[in-house]
Amino acid sequence: MMSLGLSDQKELKELEWYLLDHFFRQSNKGITQFERKSLPQDMITLYLRYRNYNLEKINEMVNPVINNLLMRQVITDKENISNDNIKLFELTSYLSRLQCSTCFYISYLSANEPRNCLRCTSDMLHDFPKTIQKKKDTSNK
Ligand SMILES: [Zn+2]
């Protein structure tokens with residue numbers, strides 16, 4: 001187990017956010033299974049944030065993030081092999097994209113997780129973007 005400094009932790013947290021953003025977008029297209037090995041390249045291709053990263057660096061960073069998501073049961077290992085050798089995994093549920101009313105952070109939460117902001121743990125969350133609310137809410141205006 002490598003020891004991580006604070007800035008590394010922050011970077012991993014950020015990578016987790018981008019990975020969940022990726023999973024969220026894919027699941028909206030009906031894709032809920034992902035190949036571990038394609039993730040680093042996906043991140044570099046899809047997100048400006050990682051455009052200048054090399055594949056090896058992202059690949060290393062993905063491991064602890066994926067292990068964490070497995071632990072939180074956001075994703076599940078399709079082949080039931082050890083976490084370090086994960087090849088194929090699947091979202092355990094569709095993700096919700098929720099914005100915090102307190103700190104405005106956007107969290108991607110699985111149905112297995114408590115509905116709390118991943119940054120400040122507030123439970124004052126609403127769908128993001130707000131315009132996609134159900135019709136029943138219009139009577140409150
Ligand atoms: Zn918050």
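In this predicted model, strand 2 and strand 3 (residues 88-91) pair in the antiparallel sense, and three bridges connect them. Strands are DSSP runs of E with at least two residues, numbered from the N terminus, and two of them pair if DSSP finds at least two bridges between them. Within this pairing, isoleucine 75 is positioned opposite leucine 91 of strand 3. Residues are numbered from 1 along each chain, as its sequence is written. Local features need a pLDDT of at least 70, and side-chain atom pairs count only at pLDDT 80 or more, whereas totals for chains, interfaces and linings use all residues.

Strands 2 and 3 belong to an open sheet of three strands, whose order is 1-3-2 and whose pairing is antiparallel. Its edges are formed by strand 1 (33-35) and strand 2 (75-77), each of which pairs on one side only. From one strand to the next, the twist averages 30°; axes are lines fitted to C-alpha atoms, and angles run from 0 to 180 degrees between N-to-C directions.

Another open sheet consists of three strands in the order 5-4-6, again with antiparallel pairing. Strand 5 (106-109) and strand 6 (125-127) are the edge strands of this sheet, and each pairs on one side only. On average, its neighbouring strands are turned by 40° against each other, with direction ignored. Strand 4 (residues 96-100) and strand 6 run antiparallel and are joined by three bridges. Cysteine 100 has leucine 125, in strand 6, as its bridge partner.

Note on methods: Helix = DSSP H or I, 4+ residues; strand = E, 2+ residues; numbered from the N terminus.
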